[in-house]
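I sat down with this one to see how its pieces fit together. Here are my notes, in the order I looked things up.

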Amino acid sequence: FFAKAQRVSSRGLHTPLRLPVGAPRAAIRRAAEQGRSQNTQSTHSAMAATSSIPTHGIVRSAPTDGPTERFPAGKVLETGHMDVGDGHEIFYEMTGKADSPHVAVYLHGGPGAGCGPNAARLFDPEFYRVIVFDQRGSGRSRPNGEIAKANKTWDLVADIERLRKEVAKVDKWAVVIGGSWGSTLALAYAEKHPARVQSLILRGVFLFDRASIDWLFNTGGASEIYPDAFERYAGAIASGERGDLLSAYHRRVMSDDMSVALPAAREFVRWEMSVSTLTGMDDAALDAMLADDGFALPFARAETHFFVHGGWFPDEAAEAAGEDPGCPEAGETGASAAAAAGGPCAMGSGTVPYLVRHADRIAHVPTWIVHGRCDIVCRPRAAFEVFKRLRTCRLEFVHNAGHSEGEPGTTSRLLAATEDAKRLFA
């Protein structure tokens with residue numbers, strides 16, 4: 001329940017709504033008495049006690065707004081590989097409070113990046129259970145790098161649902177959290193299974209529309225802001241193929257000839273990593289990352305595979321012809337609620353992206369969006385378009401951040417969101 005909610009009128013005025021309130025402060029005190037680490041978690045508890053459940057509005061966060069230190073790693077409760085069929089086994093790990101009914105699932109980016117070691121540490125391990133997993137073909141999932149067979153957006157959505165039923169064993173996810181491609185997947189899952197999601201936390205929203213893909217990978221978008229890095233990225237492709245750099249890279253990274261595939265994969269990943277943080281990555285650190293062929297090649301293959309196919313999201317014409325793989329099944333439509341009017345969508349592609357067209361399916365879901373104001377990879381416009389179509393959404397533009405989850409301002413606001421979400425369950 002919401003301690004306070006606000007409704008935005010057509011004139012932009014906010015009218016408070018009073019709703020039932022639980023006892024979040026008492027819950028926080030009880031958790032604090034159960035052996036939380038004194039320095040880190042008491043800070044997060046104080047933050048939760050003073051912040052609010054999402055009101056529908058936009059916040060422009062200050063450069064040093066809240067703690068940036070993540071929670072301690074939670075106790076590992078279960079780990080393994082789940083056979084999801086089609087030759088794929090996905091790696092998963094569940095940590096946190098063993099008897100907690102509040103289970104969060106973390107969706108990594110890429111596609112193909114795999115989960116980092118600190119993903120679950122965005123959550124209080126004495127309140128939540130947290131499941132992280134490597135998506136098909138990614139990280140520790142088997143076979144690594146397999147994308148040609150049964151590795152599409154809707155296959156991954158089905159995997160999340162299977163994890164809910166067989167590993168989490170809950171009726172609903174307490175939180176579905178995802179950043180970048182993970183935000184795309186979170187929206188796709190929630191719109192397909194709106195009755196299975198109690199809240200959403202999105203970071204660096206990406207909608208897989210044509211304009212956003214071209215902005216990042218072809219001439220005329222990010223290339224105008226990072227011309228030096230883009231010149232290297234484009235220079236690895238023959239001049240006659242530079243009209244569609246993404247497709248040219250896809251052809252190369254998918255080659256069976258490793259002398260072609262590996263150099264292309266390194267340059268493709270180098271470009272994206274070069275524009276992912278506000279201050280840029282250190283060249284030595286970037287070189288060390290790209291020296292790992294077990295990371296660069298599967299990552300580049302998965303990304304280009306998904307991007308050249310537009311994420312398998314049907315356009316409006318295909319939907320009119322009856323194609324909608326994300327349509328909720330009977331009994332999974334969630335609460336009946338109309339989306340906010342939203343107004344026209346100005347993504348620049350000429351069509352409204354699939355995930356925006358169907359945001360009405362999740363208009364009732366409490367949502368936090370954290371987006372770097374200087375995010376070059378995922379345009380802030382995408383976050384704004386989703387925000388406009390939800391009824392209870394807090395959108396925070398972090399002024400001192402680019403795309404990365406690890407930038408302090410972004411980490412701070414994600415930690416605040418996972419703490420705020422506790423009040424839904426008080």
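I began with helix α6 (residues 227-235) and helix α7 (residues 245-253) in this predicted model. Their axes lie 10 Å apart and pack at an angle of about 50°. I therefore noted α6 as oblique to α7, since oblique covers angles that are neither under 35 degrees, nor over 145, nor within 65 to 115.

Next I asked myself which residues of the two helices meet. From α6 I found Phe230, Tyr233 and Ala234, and from α7 Leu245, Leu246 and Tyr249. Sorted by class, this contact has six nonpolar residues, with no polar and no charged ones.

Then I moved on to helix α13, residues 380-388. Is α13 largely enclosed or left open by the rest of the structure? I counted seven of its nine residues as buried, so α13 is largely enclosed. My list of buried residues there reads Pro380, Ala382, Ala383, Glu385, Val386, Phe387 and Lys388. I marked Glu385 and Lys388 in my list, as both are buried and both belong to the charged class.

Last, I stepped back to the whole protein. I logged 14 helices and eleven strands. Of the 426 residues, 57% are buried. For the exposed surface I wrote down about 17,100 Å², with carbon and sulfur atoms supplying 52% of it.

I also checked how far along the chain the contacts reach. Among contacts with a separation of 6 or more, 75% come from residues 24 or more positions apart.

Methods:
Residues numbered from 1 in each chain as written. Predicted model: local features only at pLDDT ≥ 70, side-chain atom pairs only at ≥ 80, totals over all residues. Heavy atoms only, no water. Buried < 20%, exposed > 50% of the residue type's maximum accessible area, 1.4 Å probe, protein only. Helix = DSSP H or I, 4+ residues; strand = E, 2+ residues; numbered from the N terminus. Contact = heavy atoms within 4.5 Å. Areas by Shrake-Rupley, 256 points an atom, 1.4 Å probe, with all protein chains shown as cover. Axes fitted to C-alpha atoms, helices over the stretch in contact; angles between N-to-C directions.
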